[in-house]
Amino acid sequence: MKKALIALLSSAFLFSCGNKTKGSTVSNQEKNTKQEKRETMKRILFVITSHDKLGTTGDKTGVWLEEFTGPYYFLKDKGVAITLASPKGGKPPIDPKSELPDFQTSSTKRFNEDKEAQNVFSKTIKLETAKQTDYDAVFYTGGYGPLWDLADNEKSIALIEAFYNSNKPVASVCHGPAIFKNTKDLEDKPLVAGKKVTAYSNSEEAAIDFTNVVPFSVEDVLKENGGIYSKGADWNPYAVEDGLLVTGQNPASSELVAELLLEKLN
């Protein structure tokens, strides 16, 4: 009886050990799968303006909300890892006009109900700490702010050139392409020279009587730098890609830019 009991306990012990070993193997497989997923996940840096003053008008500006939320959710839902950066870090200003009822979209409404996304938005890293080696691409949102705090920003210029010279896509939308005002390639030529590009058009600027409010025309700057500028109908989605550059014309083009950028990464 004693021998039988010992044999039974030994069998139970071996069975238990076998199960633990099997469980450990599954756990390791899960860890490996998660690790592989992290390694293959695309990583995109979003750069958002920190500027909130609309020239000398006394009005507020900032990022145009749709130009952040559209690309953010499109890419996030596709499994892309997104990091947000801004010149000052912290919470970027949102153009108050972009929060008005007439300018709400499915993505802005989703953001307004998404506490997690709002928390991420409020904790952007400082632009000066961002390194192109940590990401597969960079995307610059628009709004009027970039005309003042990103077009001539040396940290931003160096970052864009680092992405481009490392064969990584650079994307932007609406007034965001103001970032190409001073960027150069390795031959010291404007980054947009000979490239198909678009941005907020002069006709759209004139339609809202902002021609004399903005410090410069993004359309004109792109043309002056040798960019092959084109546009679609005012306020309608329009985006172009050429080499490593992806640009969109207006807020309605935001998600299309994200789609083209993702296709380029894949």
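Me: Helices (H or I, at least four residues) and strands (E, at least two) are DSSP runs, numbered from the N terminus. With that in hand, where is serine 166 placed?

Reply: Serine 166 is in the loop between α6 and β5. Keep in mind that this is a predicted model.

Me: Is serine 166 buried, exposed or partly exposed?

Reply: Partly exposed, because its relative accessible area of 32% falls between the 20% limit for buried and the 50% limit for exposed.

Me: How far is serine 166 from alanine 137 in space?

Reply: Their C-alpha atoms are separated by 10.0 Å. Along the chain, the two are 29 residues apart.

Me: Let's back up to the whole protein. How many helices and strands are there?

Reply: Nine helices and nine strands. The protein has 266 residues, and 46% of them count as buried.

Me: What about the surface?

Reply: The accessible surface comes to about 13700 Å². Carbon and sulfur atoms hold 52% of that.

Me: And what share of the contacts comes from residues 24 or more positions apart?

Reply: 76%, counting contacts with a separation of 6 or more.

Me: Back to α6. What length should that helix have, and what does the model show?

Reply: Helix α6 covers residues 154–165, twelve in number. At 1.5 Å a residue they should span 16 Å, and the end C-alpha atoms are 16 Å apart, so the two values agree.

Me: Which α6 residues are buried, and what do they pack against?

Reply: The buried ones are Ser156, Ile157, Leu159, Ile160, Glu161, Phe163 and Tyr164. They pack against β1, β4, β5 and β9.

Me: How about α9?

Reply: Helix α9 runs over residues 254–265 and also has twelve residues. From first C-alpha to last it reaches 17 Å, close to the expected 16 Å. Its buried residues are Ser254, Val257, Ala258, Leu260, Leu261, Leu262 and Leu265.

Me: What do those pack against?

Reply: Their partners are β1 (43–47), α2, β4 (137–140), β5, β8 and β9 (245–248).

Me: α2 is on that list. How many of its residues are buried?

Reply: Eleven of twelve, which leaves α2 mostly covered. Among them are Glu66, Phe68, Pro71 and Tyr73. Helix α2 takes in residues 65–76, and its 16 Å between end C-alpha atoms agrees with the span it should have.

Me: β9 came up too. Which strand holds glycine 248, and is the residue buried or exposed?

Reply: Glycine 248 is in strand β9. It is buried, with a relative accessible area of 0%.

Me: What does glycine 248 touch beyond its sequence neighbours?

Reply: Setting aside residues up to four places away, it touches Ser172, Val173, Cys174, Thr198, Ala199, Tyr238, Ala239, Ser253 and Val257. Val257 is one of the buried residues of α9. Tyrosine 238 is ten residues from glycine 248 in sequence, and the C-alpha atoms are 5.9 Å apart.

Me: Switching to leucine 222. Where is it, and why does it count as buried?

Reply: Leucine 222 lies in helix α8 (residues 218–224). It counts as buried because its relative accessible area is 0%, and the cut-off is under 20%.

Me: What is leucine 222 in contact with?

Reply: Outside its neighbours within four places, the contacts are Pro177, Phe180, Val192, Val197, Thr198, Ala199, Gly227 and Tyr229. Thr198 and Ala199 also touch glycine 248. Proline 190 is 32 residues from leucine 222 in sequence, with 9.3 Å between their C-alpha atoms.

Me: Now the largest pocket. What is its volume, and what lines it?

Reply: Its volume is about 430 Å³. The lining has 21 residues, with Trp64, Phe103, Tyr200, Trp235 and Pro251 nearest the centre. By class, that is eleven nonpolar, four polar and six charged residues.

Me: What about the backbone at tryptophan 235?

Reply: Its phi is near 70°, a positive value in a residue other than glycine. Tryptophan 235 lies in the loop between β7 (228–229) and β8 (239–242). It is partly exposed, with a relative accessible area of 44%.

Me: And what is phi at aspartate 188?

Reply: Also positive, about 65°, and aspartate 188 is not a glycine either. It lies in the loop between β5 (170–173) and β6 (196–197). This residue is exposed, at 54% relative accessible area.

Methods
Residues numbered from 1 in each chain as written. Predicted model: local features only at pLDDT ≥ 70, side-chain atom pairs only at ≥ 80, totals over all residues. Heavy atoms only, no water. 1 Å grid on protein atoms, 1.4 Å probe; cavity = no way out; pocket = protein on both sides within 12 Å on 5 of 7 lines; lining within 4 Å. Points joined across faces, edges and corners; volume = space filled by probe spheres on them. Nonpolar A, V, L, I, M, F, W, Y, C, P; charged D, E, K, R; others polar. Expected span 1.5 Å × (residues − 1). Buried < 20%, exposed > 50% of the residue type's maximum accessible area, 1.4 Å probe, protein only. Contact = heavy atoms within 4.5 Å. Areas by Shrake-Rupley, 256 points an atom, 1.4 Å probe, with all protein chains shown as cover.
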